[in-house]
Amino acid sequence: MDHNFTQQIKDWLDTPADQRDYTVGALYLLKLSGNQIMYRNMIAQLPRRHADLEYQLQKYYNFRVQALTHAQVVEMQQKVDAIVAEHIPLAANADLSPQKGKRADHDQLPDDIKALYVENLSLLQRMRELHLRLRSLSLDDAPCPDSERYPFLKELIALDKKLHSNWDAYDHFLPEEKPKKTSKSTKKAVSAKK
């Protein structure tokens, strides 16, 4: 990790808000995230986005200075590898077979339960994107520091938990059985038999 860059972020965050150069802060954020779209949006609306910029830089700074041991990151990586082996092939094939996992009575389910199925497709896609990002950080010739891998590992594990809770709710939802209405003629016939 570039400790000088971490110190520059700290210095920027320690500078009083009225003396900060927010353009420099946006460049720091671009360097940290690599997200050019966010950078362009931030620059276009810089006076209104001061709080967002401060929040994002503080978040990255906290990750960089957090005392994570290499063993913790390796343990998280093992969890992510298991998640990837289970779900990433599904995400790659989600476009080819969007009906996979859909209940036979899907159309009769309430909208909030149907939404869980749709949300899971987007969660799988986001997990695939994170996995690709992690793979790009894991180049053999340029090893990535643990502090840069941590946020992606953490998010992927959180998405996996959300995915499982959504599937659990979707799969185990039991539609309420409506009581059968008896007509007056049926009631009369029953009372006549007695």
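Is Glu155 buried, partly exposed or exposed, and what is its relative accessibility? Glu155 counts as partly exposed, at 30% relative accessibility. The model described here is predicted, and this report treats its salt bridges first and its helix packing second.

## Salt bridge between helices α6 and α7

Glu155 and Arg126 meet through their side chains in a salt bridge, with an N to O distance of 3.2 Å. This pair links distant parts of the chain: Glu155 belongs to helix α7 (residues 146-171) and Arg126 to helix α6, with their positions 29 residues apart in numbering. Arg126 counts as partly exposed, at 32% relative accessibility.

The pair also belongs to a wider arrangement, in which a network of salt bridges links Arg126, Glu129 and Glu155.

## Other salt bridges

In total, the structure holds 7 salt bridges. Side chains of opposite charge can pair when their charged atoms come close. One of the salt bridges lies within helix α6 (residues 111-137), where Lys114 and Asp111 are 3 residues apart, about one turn of the helix. The closest N and O atoms of Lys114 and Asp111 are 3.8 Å apart. Asp111 is exposed, because its relative accessible area of 62% lies over the 50% limit. Lys114 has a relative accessible area of 22% and is partly exposed.

A further salt bridge joins the side chains of Asp52 and Arg49, at 2.8 Å from N to O. Asp52 is partly exposed, with a relative accessible area of 37%.

## Packing of α2 with α3

Two packed helices are described by the angle between their axes and the distance between the axes. For helix α2 (residues 22-33) and helix α3 (residues 36-44), the axes come within 9 Å and cross at roughly 170°. Helix α2 is therefore roughly antiparallel to α3, since angles over 145 degrees count as such.

On the α2 side, the contact involves Thr23, Ala26, Leu27, Leu29, Leu30 and Ser33, which meet Gln36, Met38, Tyr39, Met42 and Ile43 of α3. By class, the residues of this contact between α2 and α3 comprise 8 nonpolar, 3 polar and no charged.

## Packing of α1 with α2

Helix α1 (residues 3-14) also packs with α2: the two axes come within 11 Å and cross at roughly 145°. The crossing of α1 past α2 is left-handed. Phe5, Gln8, Ile9 and Trp12 of α1 make the contact with Tyr22, Gly25, Tyr28, Lys31 and Leu32 of α2. The contact of α1 with α2 contains 6 nonpolar, 2 polar and 1 charged residues.

## Packing of α2 with α4

The axes of α2 and helix α4 (residues 50-65) are 10 Å apart, and the helices pack at an angle of about 45°. Helix α2 is therefore oblique to α4, because the angle falls outside the ranges for roughly parallel, roughly perpendicular and roughly antiparallel. The crossing of α2 and α4 is left-handed.

From α2, the contact is made by Tyr22, Gly25, Ala26, Tyr28, Leu29, Leu32 and Ser33; from α4, by His50, Leu53, Glu54, Gln56, Leu57, Tyr60 and Arg64. The residues in the contact of α2 with α4 divide into 8 nonpolar, 4 polar and 2 charged.

Note on methods
Residues numbered from 1 in each chain as written. Predicted model: local features only at pLDDT ≥ 70, side-chain atom pairs only at ≥ 80, totals over all residues. Heavy atoms only, no water. Salt bridge = Lys/Arg side-chain N within 4 Å of Asp/Glu carboxyl O. Buried < 20%, exposed > 50% of the residue type's maximum accessible area, 1.4 Å probe, protein only. Helix = DSSP H or I, 4+ residues; strand = E, 2+ residues; numbered from the N terminus. Axes fitted to C-alpha atoms, helices over the stretch in contact; angles between N-to-C directions. Parallel < 35°, antiparallel > 145°, perpendicular 65-115°, else oblique. Contact = heavy atoms within 4.5 Å. Nonpolar A, V, L, I, M, F, W, Y, C, P; charged D, E, K, R; others polar. Left-handed = near helix turned anticlockwise from the far one by under 90°.
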